[in-house]
Amino acid sequence: MAKLKNSGDPQPLVISRLKVVAALQSCGNAAAVNNLDYSKSVDLYSYDTDAKYTEWDKSVPANPTKAFHLINTLQKEVVLLPLDNCIVKDAHLVVGGVTDSAFLTNDELLFVEFKTNVTSSTKDALKRNSKKARRQLWHTYDGILKPKFAAQGIIIDDEVDIEFYIVFDSSLVVTAASASFMNQMTQFQNEHSHPLFFTNEREL
């Protein structure tokens, strides 16, 4: 995995403040947790790779419509947590689904699930895949990360704002499902008291 951090860059304080390494050590891949990547680049593009885990770059990727773009104008320190098939590998944790990645700043923890392999823009296909994504996102937060942080004495939703993102290929015409997406966002907020978004970018 290519790294955006430079060898001399100090580790973001949020990693120690939230005891991130201690919290995630037991998720199945301690080596990945001990070597987290971080960046203050103005533009950060993340995407699913052929290896089935999330990578990121500060340059526009080859398939920009399949990327999630963090617009980091204030140059916040951002930590990449490549969860699925990287940090979270323990067999009993992956039952229920694991979301692709999360991005941590001093103020926010953003969970991102890529459904950019979906090629059909029919309402049924988009609803089916977004339903699966919602399940993966919530299980990863509520069933895996939240308890792991709590075991370290960190009540994570008291420390940072929690948000959830589902990313489809932005070249898909999703008009047929726009009403469904709005309903799902409202339902998610009502059930979990955290916001869900269908978008390919977020300004930090």
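This is a selection-by-selection tour of a predicted model, going from pockets to ring pairs, one helix and a few single residues.

**Stop 1: the largest pocket**

Start by selecting Asp48, Thr49, Lys52, Thr116 and Asn117, the residues nearest the centre of the largest pocket. The lining comprises 21 residues, and the space inside is about 480 Å³. To see which elements contribute, colour β2 (43–48), β7 (108–115) and α5 (123–150); each of them supplies at least two lining residues. What is the class make-up of this lining? Nine of the residues are charged, seven are polar and five are nonpolar.

**Stop 2: the second largest pocket**

Next, select Asn6, Asp9, Tyr38, Ser39 and Lys40. These are the closest to the centre of the second largest pocket, which 13 residues line. Its space amounts to about 220 Å³. Colouring this lining by class gives five nonpolar, five charged and three polar residues.

**Stop 3: aromatic pairs**

Show the aromatic side chains throughout the model. There are 13 aromatic pairs in the whole structure. Two of these pairs and one cluster are visited here.

Begin with tyrosine 141 and phenylalanine 164: their ring centres are 5.8 Å apart and their planes stand at 70 degrees, so the pair is edge-to-face. Edge-to-face requires planes over 60 degrees apart. Tyrosine 141 belongs to helix α5 and phenylalanine 164 to strand β8 (residues 161–168), so the pair ties together parts that are 23 residues apart in sequence. Are these two residues buried or exposed? Tyrosine 141 has 1% relative accessibility and counts as buried; phenylalanine 164 has 0% and also counts as buried. The cut-off for buried is under 20% relative accessible area.

Now move to phenylalanine 168 and phenylalanine 181. Their ring centres are 5.8 Å apart and their planes lie at 10 degrees, so this pair is stacked. Phenylalanine 168 sits in strand β8 and phenylalanine 181 in helix α7 (residues 178–192), 13 residues apart, and the pair links distant parts of the chain. Both phenylalanine 168 and phenylalanine 181 are buried.

To finish this stop, select Trp56, Phe68, Phe103, Tyr165 and Phe197 together. Ring pairs link these residues into a cluster.

**Stop 4: helix α7**

Keep phenylalanine 181 in view and extend the selection to the whole of α7, residues 178–192. The helix has 15 residues, and the distance from its first C-alpha to its last is 21 Å, close to the 21 Å expected at 1.5 Å a residue.

Which residues of α7 are buried? They are Ser180, Phe181, Gln184, Phe188 and His192. The buried residues cover an arc of only 100 degrees around the axis, which puts them on the same side of α7. Turn the view to the other side of α7, where Met182, Asn183 and Asn190 are exposed.

**Stop 5: two loop residues with positive phi**

Continue past the end of α7 to serine 193, in the loop between α7 and β9 (196–198). Its phi is near 60 degrees, a positive value in a residue other than glycine. Most residues other than glycine have a negative phi, which is the reason for picking out such cases. At 55% relative accessibility, serine 193 counts as exposed, since the cut-off for exposed is over 50%.

The second case is glutamine 75, in the loop between β4 and β5 (78–82). The phi of glutamine 75 is near 55 degrees, again positive in a residue other than glycine. Glutamine 75 has a relative accessible area of 44% and is partly exposed.

**Stop 6: two buried residues and two distances**

From glutamine 75, go back to leucine 70 in strand β4 (residues 68–71). Leucine 70 has a relative accessible area of 1% and is buried. Draw a distance from its C-alpha to that of alanine 22: the separation is 26 Å, for residues 48 apart along the chain.

Last, return to helix α5 and select serine 130. Where does serine 130 fall, buried or exposed? Its relative accessibility is 0%, so serine 130 counts as buried. A distance drawn between the C-alpha atoms of serine 130 and lysine 115 reads 7.9 Å, with the two residues 15 apart along the chain.

How values were computed:
Residues are numbered from 1 along each chain as its sequence is written. This is a predicted model: local features need pLDDT of at least 70, side-chain atom pairs count only at pLDDT 80 or more; totals for chains, interfaces and linings use all residues. Side-chain values use heavy atoms; hydrogens and water are left out. On a 1 Å grid over the protein atoms alone, a cavity is a set of points where a 1.4 Å probe fits but cannot get out, and a pocket is an open set with protein on both sides within 12 Å along at least five of seven lines; lining residues have an atom within 4 Å of a point. Grid points are joined across faces, edges and corners, and a volume is the space filled by probe spheres set on the points. Helices (H or I, at least four residues) and strands (E, at least two) are DSSP runs, numbered from the N terminus. Ala, Val, Leu, Ile, Met, Phe, Trp, Tyr, Cys and Pro count as nonpolar, Asp, Glu, Lys and Arg as charged, and the others, Gly among them, as polar. Rings of Phe, Tyr and Trp (its six-membered ring) pair if their centres lie within 6.5 Å; planes under 30 degrees apart count as stacked, over 60 as edge-to-face and the rest as tilted. Buried means under 20% relative accessible area, exposed over 50%, partly exposed in between (1.4 Å probe, protein chains only). The expected span of a helix is 1.5 Å times one less than its number of residues. The arc is that of the directions from the helix axis to the C-beta atoms.
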